[in-house]
Amino acid sequence: MLKSAPAYSFDLPGSGNGKHIIILGGGLAGMASAYELTKLGYKCTILEARDRAGGRCWSVRNGSTNQETGRPAITAKFDDGLYFNAGPSRIPHHHELTLHYCKELGVPIQVYNNVNEGAYYFAEGKGPLSNKKIRAREVHNDVRGYMAELLSKSIDNGALDAALTKEDTQKVLEYLAAEGGLDIDKLYKASARRGYAESPGAGNLPGKIGEAHKLADFIQSGLLDPDFYNVAEYTYELQMTMFQAVGGMDMIAKALQKQVSASLKLGAEVTNITNLSEGVRVTYKDAVGEHQLQGDICICTIPLPVLSNINNNFSGEVSRAIDYITYNQTGKIGLQFKRRFWEEDDHIYGGITHTNNDLTQIFYPSYDYLGKKGILIGYYNFNEKAQRTGELSYADREKLALEKGRLIHPQYDAEFERSFSVSWHKTRYNMGGWAVYSGETRKNQYPALLKPDGNVYFAGEHLTYLNAWMAGAFESARSVVSSIHGRVTGQQLVYPTTK
Ligand SMILES: Cc1cc2nc3c(=O)[nH]c(=O)nc-3n(C[C@H](O)[C@H](O)[C@H](O)COP(=O)(O)OP(=O)(O)OC[C@H]3O[C@@H](n4cnc5c(N)ncnc54)[C@H](O)[C@@H]3O)c2cc1C
C-alpha cells in the first residue's frame, strides 16, 4: 500500500568507498553521473575536451566560441545580455528529471512559448498562397473548418451509417460544427478564430474578420504537405506548458558544473580508452601534453561519431554499434536585431514561424519581451537542409538567413546587426545533433551499449528513448550510476528504481 516515490528520488543504499570513476565528457550526462556518484562516496574525474562544460547544453552570448571542422574558430559578438540557445531551448512539462535538477540546483525557469497562433507559415513556391506570410491561426482554422465540413457532409449523406446511430450522428455533427466553425448549412465560414483583417476597437470599430483562404489554395501551395503542416500540440514533447532556464539553457550546465568542479578537467581530450583486467586506462592530451589516468571504472559519454575515431580495445559488438548508430545533421543561426520588430510590428511574442525552404523554422525569443534588441533564431533546420546550410561559409549562412528571412520580415534589412551560426554535425567534439535510430539499429546495435564492455560503461542521450532531449542525458546518467553502484556494492539495482 506504499505510495510510489516521485520519479526523481534517487536514494541508493551503500557506499562507493572512494572507488575511482573516470568520466569521459563533461556534458549533462557526464556531470550528472559525477554529481550522483560523488554523493554515493565515489571519487570522480571528468575529462572534458572543450574549455567549457555542458556539451550540447550551450547558449551563445558575447564571447562564445565554436570550432567546426575545416573552418576557423569563430567568436560571437552579441550585445551583453542577449543570447540564443544553440542546443536545447525547450523543456517539456513532463521531463520530470530535467525539472528536478533545475529545482535541486537552484536554476530558475520560465515559460517557453512554443505555440503561437500569431506566428506565420511561409510556403515558397508557385501556389496561390505561396510567397505570402500567413498567420498560423488562419491556416489551422481554415484547414480544420474545411475538414470538418467535408466530414460533416459525408456523414450527412449517410456514408457512416453503419458505424453510428441516428443520435450519435447528430452529436458528431454538432461536434463538427463546433470544431470547424461550420454554419447551419454545414459550411465553413471564416470567424474571429482565424483573426481580423481590421482589429475591433472603440466607438464604431466592430472589426472586420478576414476572408478564409480556399482549401484548394492550401493544397496547391503545399501548406498541407505532411512534412510542412505543423501543429506543435500534436507532438507530445512540444505540448505546452514548456519551460526554459532563465538567462540561457546553459544555466543548467553551469549549475551542475559548480557541483562537480573539483572533479572536472577542462581542455582534456581523450585519445585512448583501454579496458584492463583490473580497471581502465585513459589517455588524454591537454595544453601541457599527453597524460594517462587509471581508474576502477569508466563512464564514456562521448557522442558516438566522435568516439568512433578514438583508439580503444572495445569488443567487436561494441565497436560495430559505435560505428553503425547514426546522428542527424542540424544547425541554427542567431541573428541580432536592433529592434524587436516581430513584437512591435507583427505582434509575435515567442513561438515559431514555419517555412518550406531551407530556413525550416524561425524561433522568436521567449525572454525580454518588449525589450529593445533581440536575437531571433533565423533558421533551425535538419537533415538535407541542415547539410546544405552547413556546407556554406559563415558569411553565406548569414546571407541565406537574411535573404529568406526578409521574405517574411522585410524589417531584416533595416534592423539586422550580426549573426553566429552553429552546424552541429560539423562541430568538433559532437559531429552530430543527436542519435537517430532506425528499427534495425535500435534492435541490433543499441543493446550492445546498454551493458558495460569490461570496465567501461556508456551513457548519454544516445542511450535512451529520449533522443534529442536533456532528459535523455539525465535518465541515462542515473541508469549508469545505478548499474555501477549495484556492481560495486553487490546489489541488484535496476533503474528506474522508483517508477
Ligand atoms: C540543436 C539541438 C537542439 C536541442 N534541443 C533540445 C531541447 O529543446 N530540449 C532538450 O531537452 N534537449 C534538446 N537537445 C538535446 C540535448 O542538448 C542533449 O540531449 C544533451 O545535452 C546531451 O547531453 P550528453 O551529455 O549526452 O552529450 P553532450 O552534451 O554532447 O556531452 C558530451 C561531451 O563529451 C565531450 N567530448 C567529446 N569528445 C571528447 C573527447 N575526445 N574527450 C573528452 N571529452 C569529449 C563533449 O565536448 C561534450 O561536452 C538539443 C540538442 C541540439 C544539438
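**View 1. Lys 39 and Glu 104 meet in a salt bridge.** In this predicted model, the closest N and O atoms of Lys 39 and Glu 104 are 3.0 Å apart. Between domain 1 and domain 2 the count is 1 salt bridge. Polar contacts add to the picture: 6 residue pairs are joined in this way across the interface of the two domains. On the domain 1 side, α1 (28-39), α6 (250-260) and α15 (470-489) each bring at least two residues to the surface that touches domain 2. Of the contributors, α15 gives the most, with 5 residues. If you sort the residues on this side of domain 1 by character, you will find 8 nonpolar, 2 polar and 6 charged.

**View 2. Domain 1 and domain 2 bury about 1,300 Å² between them.** Carbon and sulfur atoms account for 67% of that buried area. Three residues are worth picking out here: Trp 469, Met 470 and Phe 474 supply 37% of the area that domain 1 buries against domain 2, more than any other three residues. In terms of contacts, 16 residues of domain 1 meet 15 residues of domain 2.

**View 3. The domain assignment divides the protein into three domains, each with its own stretches of chain.** Domain 1 takes in 20-55, 253-324 and 435-489, while domain 2 is built from 61-118, 239-248 and 329-426. Domain 3 covers 134-227. Taken over C-alpha atoms, the centres of domain 1 and domain 2 are separated by 29 Å.

**View 4. The ligand is surrounded by 39 residues.** The closest of these are Glu 48, Arg 50, Arg 56, Arg 90 and Met 470. Met 470 may look familiar, as it is also one of the three residues that supply 37% of the area domain 1 buries against domain 2. Zoom in on Arg 56 and you will see a polar side-chain atom 2.8 Å from an oxygen atom of the ligand. Arg 90 takes part through its backbone instead, with an N or O atom 2.7 Å from a nitrogen atom of the ligand. At Glu 461, a polar backbone atom is 3.0 Å from an oxygen atom of the ligand.

**View 5. Two cis peptide bonds can be found, one from Met 240 to Thr 241 and one joining Tyr 495 and Pro 496.** For the bond from Met 240 to Thr 241, omega is near 10°. Thr 241 sits in the loop between α5 (215-220) and β13 (242-245). For the bond between Tyr 495 and Pro 496, omega is about 0°. Look for Pro 496 in the segment after α15.

**View 6. Asn 131 has a positive phi although it is not a glycine.** The value of phi for Asn 131 is near 60°. To find Asn 131, follow the chain into the loop between β9 (120-122) and β10 (133-135).

How values were computed:
Residues are numbered from 1 along each chain as its sequence is written. This is a predicted model: local features need pLDDT of at least 70, side-chain atom pairs count only at pLDDT 80 or more; totals for chains, interfaces and linings use all residues. Side-chain values use heavy atoms; hydrogens and water are left out. Domain bounds come from an automatic or database domain assignment. Contact means heavy atoms within 4.5 Å. Buried area is the accessible area (1.4 Å probe) that two parts lose on being put together, summed over both. A salt bridge is a side-chain nitrogen of Lys or Arg within 4 Å of a carboxyl oxygen of Asp or Glu. A polar contact is a pair of N or O atoms within 3.5 Å; within protein, one must be able to donate a hydrogen and the other to accept it, and residues adjacent in sequence count only if both atoms are side-chain atoms. Helices (H or I, at least four residues) and strands (E, at least two) are DSSP runs, numbered from the N terminus. Ala, Val, Leu, Ile, Met, Phe, Trp, Tyr, Cys and Pro count as nonpolar, Asp, Glu, Lys and Arg as charged, and the others, Gly among them, as polar. A residue is near a molecule or strand if one of its heavy atoms lies within 4 Å of it.
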